[in-house]
Amino acid sequence: MRKQTCDLCGHSFGLNELLSAFNETLCGKCADGRLENVDSATITDKTVFRLTDPTICARCTADNGDVPFESTLEMPLCDRCSEQIRHYPFPLWIKAACVGLVIVVVWTLAANARFFKARILMDRSLKLAFQQGEIPLAAEQMYTAANLVPESQELATLSSFLSGVVAMQQEKWGDAVRCFEQCRDLPPQFQLDMMMSRAQIAVAFDNKDYGEFLRLSLDLLAQLPGNPTAIAQAGSAHACMYAAEGRPEDRQKALDFLARAEEINRQDPDPTFDEYRERIIHRIETRQIITAEAYRKLHGIAQTEKNP
Amino acid sequence: MIIPGFIIAWLTFPGVIVHEAAHLLFCRLFGLYVLDVRFFRFATTGPAGYVVHQGTDRFWPAFFVACGPFLINSVLCFAICFSVFLPIRFFNVEHWSYYVIGWLGLSIGMHAFPSNQDAKNLWALAREKIKAANYLALLVFPIVALVYVGNILSIVWADLFYAAGVGLALPELVMRLVL
């Protein structure tokens with residue numbers, strides 16, 4: 001450490017404890033007295049400044065005896081401090097926090113990647129189903145999405161719905177009903193009630209429960225009053241009742257419904273309607289209830305048509 | 001509602017720490033001397049954290065030291081929030097941990113903006129560089145203006161809105177582009 005005396009009081013101080021004030025070397029106490037009556041506007045970092053002892057580290061105050069430290073950034077710094085400011089270390093807790101943060105980021109991204117995949121699959125599935133009509137593929141993708149996010153009621157419902165539609169396409173009516181029963185809060189555009197009614201009607205027909213077939217057909221007709229297939233289906237149900245129980249009023253209602261359906265269908269013809277109508281008339285005329293498949297076999301028809 | 005800045009800093013302290021760590025990281029990357037670092041302090045006055053570093057007249061080191069936290073905090077805010085945004089936004093799937101992670105992400109995002117001191121340093125350097133015909137430094141002026149505006153508007157929660165934009169609106173936008 002280097003020492004010097006105060007120009008005013010004459011006491012010896014370490015160089016770092018002294019100030020240069022207007023070209024005088026002063027200790028702190030004397031500097032206070034000297035500067036008391038000085039115009040503060042004249043006090044600048046050039047007129048008043050602390051003296052620097054080149055043998056004392058400006059950062060950690062290490063004393064180097066009488067040998068000056070190397071100057072870094074115009075400050076005398078010991079080797080340790082000089083190295084530290086050149087490569088300021090990240091404290092251990094910061095390193096640990098950084099590692100923790102990276103783990104959190106990677107873990108959350110990895111753990112929640114399934115939501116990303118599921119959202120993409122869901123979107124793709126809906127496009128396949130509603131824009132391209134690829135229901136089986138859409139159902140498959142929605143099923144995968146629902147398995148990725150089992151917590152999502154929405155995905156479970158959409159998956160059940162599409163599986164139900166696939167089951168209907170395969171004429172597995174019971175499976176379709178079970179799938180539709182699992183659907184919750186579907187928007188109206190999915191027409192779940194209508195799909196469910198159609199599947200239940202088919203189940204009732206397959207079970208030869210014609211009373212239920214008629215009730216459900218009339219319910220469906222209430223939902224779709226202007227739909228020729230729904231009207232014809234009500235006629236079909238009455239035809240079944242007539243075939244099973246022989247009441248003439250059922251026969252008349254069946255014919256009335258068929259006439260109504262035919263009239264509406266004429267405006268926008270459905271290619272499957274004619275076969276359906278013929279099958280119902282066959283039922284009325286013969287009082288035989290046969291499946292669509294058996295009817296087609298009987299008449300050598302190859303076309304597929306799914307109304308009971 | 002006006003809440004004192006130090007309370008916001010306390011509530012979002014991870015963002016302050018990341019901000020200062022980013023300053024330090026860029027100082028080290030560009031070989032600038034660092035005299036003192038305070039990653040976070042529970043102070044009611046003055047900055048919640050700071051890095052005292054060597055000045056430089058090199059443009060890019062000065063730019064990245066000043067704006068590095070903006071990049072790092074923004075990227076981290078997006079990455080952290082994105083993963084917890086998906087289950088909540090698209091599937092209504094909630095878990096307490098998502099909110100903790102969301103707070104972490106938004107806290108980091110709220111401290112993305114460089115401080116006025118950072119902007120001041122950059123402004124001074126950009127002026128010198130333009131005088132020396134380095135017209136790339138012109139890019140700095142709108143950034144500095146944005147920083148000042150952002151810091152002034154922080155009184156009306158601009159920093160929170162920025163974090164919400166990066167952590168919530170950006171993931172929404174990305175998903176719309178992906179889908």
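**Why is it called that?**

Modeller: A salt bridge joins the side chains of R178(A) and D175(A), with 2.6 Å from N to O. This is a predicted model: local features need pLDDT of at least 70, side-chain atom pairs count only at pLDDT 80 or more, and totals for chains, interfaces and linings use all residues. Residues are numbered from 1 along each chain as its sequence is written, chains are lettered from A and ligands numbered from 1 in the order in which they are written, and side-chain values use heavy atoms, with hydrogens and water left out.

Colleague: Why is the contact of R178(A) and D175(A) called a salt bridge?

Modeller: The term needs a side-chain nitrogen of Lys or Arg within 4 Å of a carboxyl oxygen of Asp or Glu. Here N to O is 2.6 Å, so the contact qualifies. Both residues lie in helix α7 (residues 173-181) of chain A, three residues apart, about one turn of the helix. Helices are DSSP runs (H or I, at least four residues), strands are E runs of at least two, and both are numbered from the N terminus.

Colleague: What makes R178(A) partly exposed?

Modeller: Buried means under 20% relative accessible area, exposed means over 50%, and partly exposed is in between (1.4 Å probe, protein chains only). R178(A) has 48%, so it is partly exposed. D175(A), at 33%, is also partly exposed.

Colleague: Is D250(A) buried or exposed, and how do you know?

Modeller: D250(A) has 4% relative accessibility, so it counts as buried. Its side chain meets R247(A) in a salt bridge of 3.3 Å, N to O. R247(A) is partly exposed, at 34%. Salt bridges that share partners join E245(A), R247(A), E249(A) and D250(A) into one network.

Colleague: How many salt bridges does a search of the whole structure find?

Modeller: There are 14 over all chains.

Colleague: And how many aromatic pairs?

Modeller: The search finds 26 over all chains. In one of these, the rings of W93(A) and F39(B) have centres 5.7 Å apart and planes at 85°. This pair crosses between chains, from helix α3 (residues 92-111) of chain A to the loop between β1 (34-38) and β2 (50-53) of chain B.

Colleague: What kind of pair do W93(A) and F39(B) make, and why?

Modeller: Rings of Phe, Tyr and Trp (its six-membered ring) pair if their centres lie within 6.5 Å; planes under 30 degrees apart are stacked, over 60 edge-to-face, and the rest tilted. At 5.7 Å and 85°, the pair is therefore edge-to-face. W93(A) is partly exposed, with 44%, whereas F39(B) is buried, at 5%.

Colleague: What makes R287(A) sit over the ring of Y242(A)?

Modeller: The rule asks for NZ of Lys or CZ of Arg within 6 Å of the ring centre and within 35 degrees of the ring normal. The charged end of R287(A) is 5.3 Å from the centre, and it sits over the ring.

Colleague: How do you know whether the radius of gyration of chain B agrees with a compact globule?

Modeller: The radius is taken over C-alpha atoms, and the globule rule is 2.2 Å times the number of residues to the power 0.38. For 179 residues that gives near 16 Å; chain B has 17 Å, so the two agree. Chain B holds seven helices and two strands. Their pattern along the sequence is α-α-β-β-α-α-α-α-α. Buried residues make up 46% of the chain.
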